[in-house]
Amino acid sequence: MPALGYKKALNLYFSRTKNLLKIFIHNPKGIIGLFVIIIFALMAIFAPLLTPYDPVKDKYVSGSYSAPVWLKYIPSFLGGRPGAAENFAITENSDFTNSLEAWNYTTAPHISVNHSSFGIDETNPGSAKITFTRNETEDTYGNVTVTLNKEFYYPFAEKPRKFTVYCSLFANGTLYNETISKLVRERYYDNATGKWKIRTYYLNTTKIGLDVNITIFIYIQRVSDGKIFPVWPYQPQLADYLYVDASPADKFPKPGTIYNASKRWIKTDTFTPDSDIIRYPGIEDVTPIIFNQTLIPGYYRLGINITFQDFKTPLKEVEASLYVDRFYIKFEGTVWGLMGTDHYGSDLWSQLVYGSRISLYVGLLSSILSVLIGLIVGLAAGYMGRYVDEVLMRFSDMLLVLPGLPLLIVLIAVLGATAENLIIIIGLLGWMGFARLVRSQVLSLKERPFVEAARAVGAGRFHIISTHIMPNVMSLVYVSLATSVPSAIVSEAALSFLGFYDPNRMSWGRMLYEVQANGAVQYWWWVIPPGLCIAALAIAFIMFGFALDEIFNPKLRMRR
Amino acid sequence: MGLRSYIAKRIVYSFILLLLVLSLNYTIFMLMPGDPAAMLIAPLIQKEPDPERAARLKQQLNELWGIADPPLIRFTKYIKNMLTWNFGVTFRNRVPVADEMIKRIPFTLVLLGGSTTLAIIIGVILGALSAHKRGSKFDTFCVTSSLIFYSLPTFWMGLLFILIFYVQLGWFPNAHPYPAEWILPQNAPKPFTITTASYNPLGIVVNVDGGELLKLIVGYARHAFLPVTVLTLFQYGGFLLLTRATMIEALTEDYIVTARAKGVSERDVIFKHALPNASLPIITSAALSYGFILSGAIITEGVFSWPGLGGWIFDAIGFKDYNILQAVFYVIALCVIAANFIADLLYGIIDPRIKYD
């Protein structure tokens with residue numbers, strides 16, 4: 001007998017579900033809503049497949065404030081940016097792995113330019129070796145300069161956002177010692193008298209230097225008009241700690257001395273003259289001058305001038321070598337990726353994709369929490385009545401009287417901004433309306449004959465609520481679950497927008513917070529997508545909820 | 001039960017609600033972490049580390065602000081202060097909270113009052129019309145657009161409006177309630193960014209001659225346009241849907257058939273016969289909206305650098321200034337309770353069928 005009853009009940013349940021599904025399929029609003037929700041759910045689940053970048057940790061994947069790359073294929077009168085520069089680098093044989101292929105160089109007396117198997121970085125053997133030699137019979141030779149350069153093609157019609165030149169250098173050669181005496185004034189504490197005193201003495205330091213000073217000068221040359229633009233050293237102050245043999249008035253400062261010797265193996269360094277450092281206030285930005293709009297696309301040369309200054313040690317056999325390795329230029333474009341980048345150069349598309357996770361997580365869980373609380377409070381207040389009802393309803397009145405968002409902010413400031421706290425707080429502050437709805441429903445259900453009958457045969461309070469009243473308010477629960485998600489999603493976004501976001505997670509509200517905090521409203525590809533996603537998801541849940549409402553309340557179906 | 005005892009009952013109920021709100025208010029801010037005294041002293045200590053002096057300063061400040069007292073004494077003091085409108089001074093500037101609040105209230109009233117009124121007017125008229133033309137394209141358009149605007153986050157709408165009307169078209173300014181050149185330099189407010197803890201929009205001296213009234217009005221109106229529009233769009237959807245729902249109910253009543261049979265014009269049927277009968281829930285909802293006016297619009301005020309109460313609340317949270325927060329929450333709760341009370345009374349005037357029980 002119980003088995004049969006169970007089966008019957010199951011059959012009834014199935015046929016009822018089938019009927020509801022049939023009605024649902026004929027409801028376009030509900031289908032659209034569900035479709036959008038499913039798309040965002042898939043986005044949340046498969047986020048790691050949709051983007052290789054971590055939205056929070058991966059910074060500097062490209063230049064800051066890049067536009068989406070597809071804008072290149074849209075005509076400019078529609079707001080597109082045909083010809084915009086993308087990221088690219090001139091790296092052909094930049095490691096000098098086997099030969100000096102792809103490089104041009106000049107020769108001069110006393111100088112030889114060779115390929116060397118020595119590599120400044122351990123992973124890639126090979127470098128260009130420029131050597132100056134003079135034997136002991138000769139007097140000092142003076143300045144001698146050679147150049148090593150490579151021609152490349154800049155393929156875009158617009159200037160890059162910035163460029164960076166990388167170069168590793170290593171100097172080596174014969175040395176000379178020089179002793180320098182320096183007068184030192186020092187304040188010291190005299191133990192005997194207990195007073196501070198001043199003493200002076202000479203301090204001798206031995207300075208070891210190369211017999212031949214090596215100075216370098218990295219430049220970009222425009223092939224079309226032959227103009228040379230210094231990349232490093234660009235301004236005297238910048239190279240001050242080195243030595244610049246130029247007065248500030250010179251348009252193009254002369255090469256700086258880069259290496260002061262202190263050991264036999266003198267010094268190795270990688271430096272990155274970056275067009276960004278030439279953008280300090282008062283210094284003109286060279287990028288638009290070098291990559292002049294009227295002259296690109298076009299041919300350029302990336303080169304290094306090496307000057308050997310042989311003055312110090314006449315009548316001595318001297319040798320000085322400079323190894324050049326990893327010498328290349330990297331361009332940061334103004335367009336990148338599906339959605340461009342933010343101020344840190346992080347991928348906006350990955351932020352958008354991962355943002356769907358927290359919206360769904362917080363939205364769904366907090367709405368479940370608030371519906372659960374509302375259900376319990378509503379059932380208790382409606383069925384128990386009297387004092388329980390009065391206390392619970394006054395409590396909900398009190399919460400309704402306090403301003404919603406400020407209260408949320410205060411509580412999140414108290415508890416700390418993590419996703420879980422957001423869920424708890426939004427859930428705890430969103431149950432009042434639903435509790436009232438359930439209460440009014442229960443008040444009318446309580447007086448129905450079937451409840452009275454159950455009470456008459458001696459059914460307990462818990463039994464009546466769970467088997468007679470609960471099933472009749474479940475349709476309200478489903479509808480309210482769907483319709484309370486949007487407000488939870490928007491609340492989460494609002495809190496994130498105000499800066500109360502979980503620092504380990506990216507959310508759509510946080511993306512807009514960054515827009516506001518960085519004054520980046522003009523970048524529409526950064527402003528529009530997150531808000532559109534919030535709105536789309538919220539509207540999808542509202543539509544889905546309305547569809548459920550129509551299914552569970554046949555009266556509404558007639559009316560609309 | 002007569003009207004008088006009903007009013008008496010409502011007054012008692014409102015008073016109990018007020019006390020409940022006050023105690024909740026007190027509890028929340030008691031629990032807030034962070035030490036305002038420590039925050040104020042921190043820069044002094046940084047310059048010259050001296051733990052003894054720091055402790056002394058902290059104690060003095062706590063005594064000054066009354067934080068050092070035991071909780072129960074603080075609670076009774078707090079209730080007394082709130083009821084006697086004595087909100088104390090702000091922790092940071094030591095300006096009386098009530099004074100500063102009064103300076104900021106006009107800005108919020110203009111923003112929220114204007115947009116709420118506009119939203120109610122637009123929402124009720126469109127809602128009534130769309131209920132009348134139920135199922136038509138106009139109805140679908142009204143319902144869809146109100147749903148969309150209702151679910152768009154206000155901060156996004158604000159940013160979008162700035163993008164379109166300030167960055168692209170340049171028709172409207174993007175921030176502040178008046179042009180920047182009206183502000184004397186020493187009082188110029190700092191640009192509002194959400195990261196900075198505070199900005200001081202008060203003590204503004206508007207530098208416009210009285211004769212140029214038109215210029216004054218145009219300046220204010222241009223600055224208020226975008227935020228008011230955002231808030232109106234955000235709010236009208238709710239009123240539209242509510243009006244539509246109640247109007248659909250009301251338009252099926254017998255007296256509407258009677259009115260139509262009498263030959264009353266369709267406009268009068270909608271606005272004179274159906275709308276007043278459908279207006280009870282709308283009035284409750286409107287009263288609640290007006291009650292919450294003073295809570296400001298934290299987000300919209302933030303986006304548009306509006307020196308109202310919302311931005312003040314946000315700053316106060318950042319600085320843990322619970323004198324401000326307690327006062328503002330109290331005043332808001334007071335307004336909401338009063339608005340509810342008034343709405344309850346209005347019921348009787350509008351709908352004589354209501355029995356007070």
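Reader: In this predicted model, which residue in β14(A) does Ala128(A) stand opposite?

Author: The model is a prediction, and within it strand β4 (residues 127-134) of chain A is joined to β14(A) by seven bridges, the two strands running antiparallel. Within β14(A), the residue that stands opposite Ala128(A) is Val324(A).

Reader: Which residue of β14(A) stands opposite Ile90(A), and how many bridges join β1(A) to β14(A)?

Author: Strand β1 of chain A covers residues 88-90 and runs antiparallel to β14(A). Ile90(A) has Ile329(A) standing opposite it in β14(A), and the number of bridges that join β1(A) to β14(A) is three.

Reader: How many bridges join strand β6 (residues 162-173) of chain A to β14(A)?

Author: One of the places where β14(A) can be lined up with β6(A) is Gly173(A), which stands opposite Ala320(A). The two strands run antiparallel, and the bridges that join them number eleven.

Reader: Is strand β14 (residues 318-332) of chain A mostly covered or mostly open, and how many of its residues are buried?

Author: A residue is counted as buried when 20 or more other C-beta atoms lie within 10 Å of its own. By that count β14(A) is mostly covered, and of its 15 residues the number buried is eleven.

Reader: Which residue of β13(A) is the bridge partner of Ile218(A)?

Author: Strand β13 (residues 298-310) of chain A pairs with strand β5 (residues 142-154) of chain A in the antiparallel sense over 13 bridges, and there the bridge partner of Thr147(A) is Asn305(A). Strand β9 (residues 213-222) of chain A is also antiparallel to β13(A), joined to it by ten bridges. In β13(A), the bridge partner of Ile218(A) is Ile304(A).

Reader: Where in α11(A) does the kink lie?

Author: A straight helix of 37 residues would span 54 Å at 1.5 Å a residue, whereas helix α11 (residues 461-497) of chain A spans only 46 Å between its end C-alpha atoms. Within α11(A) there is a kink of about 55 degrees, placed shortly before the proline Pro471(A), and the residue at which it lies is Met470(A).

Reader: Why does helix α10 (residues 449-456) of chain A lie largely in the open, and which glycine just after it takes a positive phi?

Author: Helix α10(A) has eight residues and the number of them that are buried is zero, so the helix lies largely in the open. Just after α10(A) comes a residue with a positive phi of about 95 degrees, and that residue is Gly458(A).

Reader: Which helix gives the most to the largest nonpolar core?

Author: The largest nonpolar core has 160 residues, and those with the most contacts inside it are Ile534(A) and Leu159(B). The element that gives the most to this core contributes 17 residues, and it is helix α13 (residues 524-552) of chain A.

Reader: Which residues of chain B does Ile534(A) touch, leaving out those up to four places away in sequence?

Author: Within chain A, Ile534(A) touches Ser359(A), Ile489(A), Val490(A), Ala493(A) and Trp508(A). On the side of chain B, the residues that Ile534(A) touches are Pro153(B) and Trp156(B).

Reader: How do the residues on the side of chain B that touches chain A divide into nonpolar, polar and charged?

Author: The contact takes 39 residues from chain B and 35 residues from chain A. On the side of chain B, the element that gives the most is α7(B), with seven residues. The residues of that side divide into 34 nonpolar, five polar and no charged.

Reader: How many helices and strands does each chain have?

Author: In chain A, which has 560 residues, 40% of them count as buried, while in chain B, with 357 residues, 37% count as buried. The secondary structure of chain B comes to 13 helices and zero strands, and for chain A the count is 14 helices and 14 strands.

Reader: Is Phe271(B) buried or partly exposed?

Author: Phe271(B) is found in helix α10 (residues 266-291) of chain B, and its C-alpha atom is separated by 10.0 Å from that of Val124(B), 147 residues apart along the chain. Because Phe271(B) has 16 C-beta neighbours inside 10 Å, it counts as partly exposed.

Definitions and conventions. Residues numbered from 1 in each chain as written. Chains lettered and ligands numbered in written order. Predicted model: local features only at pLDDT ≥ 70, side-chain atom pairs only at ≥ 80, totals over all residues. Core = buried A, V, L, I, M, F, W, Y, C linked by C-beta atoms within 7 Å. Buried ≥ 20, exposed ≤ 12 C-beta atoms within 10 Å, placed from the backbone. Helix = DSSP H or I, 4+ residues; strand = E, 2+ residues; numbered from the N terminus. Contact = placed C-beta atoms within 7 Å. Nonpolar A, V, L, I, M, F, W, Y, C, P; charged D, E, K, R; others polar. Expected span 1.5 Å × (residues − 1). Bend = angle between axes of the 7 residues up to and from the residue. Pairing = 2+ DSSP bridges.
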